[in-house]
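Here is a friendly walk through one protein model, written for someone who would rather look at residues than at statistics. Keep the viewer open as you read.

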Amino acid sequence: MISEIYDVIVVGAGHAGCEAAAAAANLGSKTLLVTMNMQTIGQMSCNPAMGGIAKGQIVREIDAMGGYSGIIADKSAIQFKMLNLSKGPAMWSPRTQNDRMLFAEEWRLALENTPNLDFFQDMVKQLIVENNKVTGVVTSLGIEIKAKSVVLTNGTFLNGLIHVGDKQLGGGRMGEPRAFGITEQLVSLGFEAGRMKTGTPPRVDGRSLDYSKMEEQKGDEKPQKFSYTDTPKLTKQLSCHIVYTNETVHDILREGFDRSPMFNGTIQSLGPRYCPSIEDKINRFAERTRHQLFVEPEGWKTVEIYVNGFSSSLPEDVQIKAMKQIPGFENVKVFRPGYAIEYDYFPPTQLKHTLETKLIDNLYFAGQINGTTGYEEAAGQGLIAGINAHNKVHEKEDFILNRDEAYIGVLIDDLITKGTEEPYRMFTSRAEYRLLLRQDNADIRLTKKAFDLGLAKEDRLRKVETKVSESQELEGFLRETSLKPGMINPILEKSESNPVDQAYKAAQFLTRPNITLEKLDEIEAIKEFSSKYDDEIREQAEINIKYKGYIEKEKENVAKLNRLENIKIPEDFDYKSLSSLSAEAKQKMSNVRPKTIAQAGRISGVSPADINVLLVYLGR
């Protein structure tokens, strides 16, 4: 037995575990990170990339809260792209390609330099539970480690089963053993468990590819970054490439369907809807003659390539034969075939908003154990679980982000209110207030909260305050400065925008869709003032001017809904006693036990009529 009693034990050192351990330790909790392999801390198990649509916003939010994912992503980036720039700013999403080995190395170094954080290499096979409260863990070596709280972030390791064609291997990742014992114990304690599936594509030798037959995808000319801190900006970037499958590829893949665990009944659990395997794509979208693949480098110094879009559990000979028919892949050498993996998860309706389980006190779940997919979703949950585990053992208030405050808040509320039967992935469409939850203002939304918690240092708060005041200065100048027709009309005509015959304020021109601050800089008086500010300040001022009406409307909607968020439902409320509630509403609300009327309204199967019944009963 290890004699030390920890405040927080985090089980698993993937993206959720790393953020949970960092948050708890940085807040002052004596923290232990237990992992089966110290060499795979912060491993990118699937694609070598961070961010993307809606996921990039989560990484920015983690950074604004004092988490590490954005910093690590910046330090290991090999390419940066801002996605969706042709759409409005609510949709802009940062994404990096990353050096896989450097990413894991930077995570390990960051954690080793975090005070209050210890490490232990072993598999946790059992929790110590006394009087419905977790008090520690037992490892496969029989070592007991006591703790005041435990955060489980087991990823795909709980009874993980790898499929390649008709071959099956027990494992949590290729070449790594699965974890067992925890699922069985939790089920015996009354938890409901399920199975999910995910998959990964082949890794190939970049020296065997002919890139001249592919379409080059360069990074942004002016690469930005994730972190609001002074992380390094990219000065050189590696290109990705795009290539397409064809009918021949599809025909070869179909030859292997009878040996595919997806189609012969071996795999019965659900995989991610928005990241299907290549065999699933050609089966579900049979009318399509080609599918897009992204050829992604794994790092600065390696020849290994990730074939994004070719996730597969088909036999390895079929995968290789089909890949050789892809342009540029004629002589491909495969480092590792794609595979599918099935693993245990626990439907997240069994959790509170803090990610603490309802059945066992001081036990928290974060990441794929909750049915999510993606590094970013896992990391966001890890951050919140780590904060709340610390707060609980130090008798501090719960820390909860609301749906109008962060994508992380949307993610957790969706999970615990609606549950999920397939791997949950975040999209901008899931956030009803996405214009307020932009990637550019995550620091303005969240850094003060992180500072109040003790996670963000004072210099970060001052930086945010400066950003707000400077963008307001620039915005004020643009709202007050008049531009005469002779000054502005040449710019309007070049932009195919209607000329004017009298003076208007600069801000009024910025509300036109094809007029930007960069174009207004052609006017000397504007440039002289606006050039004092960096790109981040300029962008903030421009967005606030362009979308002012929409932003204010969204804030009004938030205020209306928050009135329902403030109507609390007693924790022991007996829904079954209300005869006017529908049978489905009684069942779902008894299961989820919503804290507020607003949360009750978000439960699938609960109708507006059911909400009215509750409001009447609660005297509203």
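What follows is a short tour of selected strands, helices and residues.

The model is predicted, so please read every value below as computed from it.

## The annotated stretch and helix α1

A good place to begin is the UniProt record. In an unreviewed entry, the annotation "binding site" covers Gly12, Ala13, Gly14, His15, Ala16 and Gly17. Two alanines from this stretch are worth a look.

Ala13 sits in the loop that links β1 (2-11) to α1 (15-26). Is Ala13 buried or exposed? With a relative accessible area of 7%, Ala13 is buried. Leaving aside neighbours within four places in sequence, Ala13 is in contact with Cys18, Leu33, Thr35, Thr40, Ile41 and Gly42.

Ala16 belongs to helix α1. Its relative accessible area is 4%, so Ala16 counts as buried too. Which residues does Ala16 touch, not counting those up to four places away in sequence? They are Thr153, Ala366, Gly367, Ala378, Ala379 and Gly382.

Helix α1 also packs against helix α4 (residues 100-112), at an angle of about 20 degrees and with the axes 11 Å apart. That angle makes α1 roughly parallel to α4. The crossing of α1 past α4 is left-handed. If you want to see the meeting point, display His15, Cys18, Glu19 and Ala22 in α1 together with Phe103, Trp107 and Leu111 in α4.

## A buried strand, β5

Next comes strand β5 (residues 93-98). Six of its six residues are buried, so β5 is largely enclosed by the rest of the structure. Ser93, Arg95 and Gln97 point one way from the strand, while Pro94, Thr96 and Asn98 point the other way, and all are buried.

Strand β5 has antiparallel pairings with β3 and with β4. Three bridges join β3 (residues 49-51) to β5, and Ala49 has Gln97 as its bridge partner there. Six bridges join β4 (residues 77-83) to β5, where the bridge partner of Ala77 is Asn98.

## Two open sheets

Now for two antiparallel sheets. One is an open sheet of four strands, in the order β11-β10-β19-β12. Its edge strands are β11 (167-170) and β12 (194-200), each of which pairs on one side only. From one strand to the next, the twist averages 25 degrees. Within this sheet, β10 (residues 161-164) and β11 pair over four bridges in the antiparallel sense, and Ile162 has Leu169 of β11 as its bridge partner.

The other open sheet has six strands, in the order β14-β15-β16-β17-β13-β18, again with antiparallel pairing. Which strands stand at the edges? They are β14 (215-217) and β18 (334-336); each has a single partner strand, so one side of each is left without a neighbour in the sheet. Neighbouring strands here are turned by 35 degrees against each other on average, direction ignored. Strands β16 (residues 292-297) and β17 (residues 304-308) run antiparallel and are joined by four bridges. Phe294 finds its bridge partner in Asn308 of β17.

## Two threonines

Thr135 lies in strand β8 (residues 133-139). At 15% relative accessibility, Thr135 counts as buried, because the cut-off for that class is under 20%. Apart from residues up to four places away in sequence, Thr135 touches Ile128, Val129, Glu130, Ile145, Lys146 and Ala147.

Thr511 is found in the loop between α14 (506-510) and α15 (517-520). With a relative accessible area of 45%, Thr511 is partly exposed. How far apart are Thr511 and Tyr547 in space, C-alpha to C-alpha? The distance is 7.6 Å, although 36 residues separate Thr511 and Tyr547 in sequence. Not counting residues up to four places away in sequence, Thr511 touches Ile545 and Lys546.

## Accessibility in brief

Here are the four single residues from the tour, with their values.

| Residue | Relative accessible area | Class |
|---|---|---|
| Ala13 | 7% | buried |
| Ala16 | 4% | buried |
| Thr135 | 15% | buried |
| Thr511 | 45% | partly exposed |

Technical notes. Residues numbered from 1 in each chain as written. Predicted model: local features only at pLDDT ≥ 70, side-chain atom pairs only at ≥ 80, totals over all residues. Heavy atoms only, no water. Pairing = 2+ DSSP bridges. Axes fitted to C-alpha atoms, helices over the stretch in contact; angles between N-to-C directions. UniProt positions renumbered as here; feature names shortened; annotations may be inferred. Buried < 20%, exposed > 50% of the residue type's maximum accessible area, 1.4 Å probe, protein only. Contact = heavy atoms within 4.5 Å. Parallel < 35°, antiparallel > 145°, perpendicular 65-115°, else oblique. Left-handed = near helix turned anticlockwise from the far one by under 90°.
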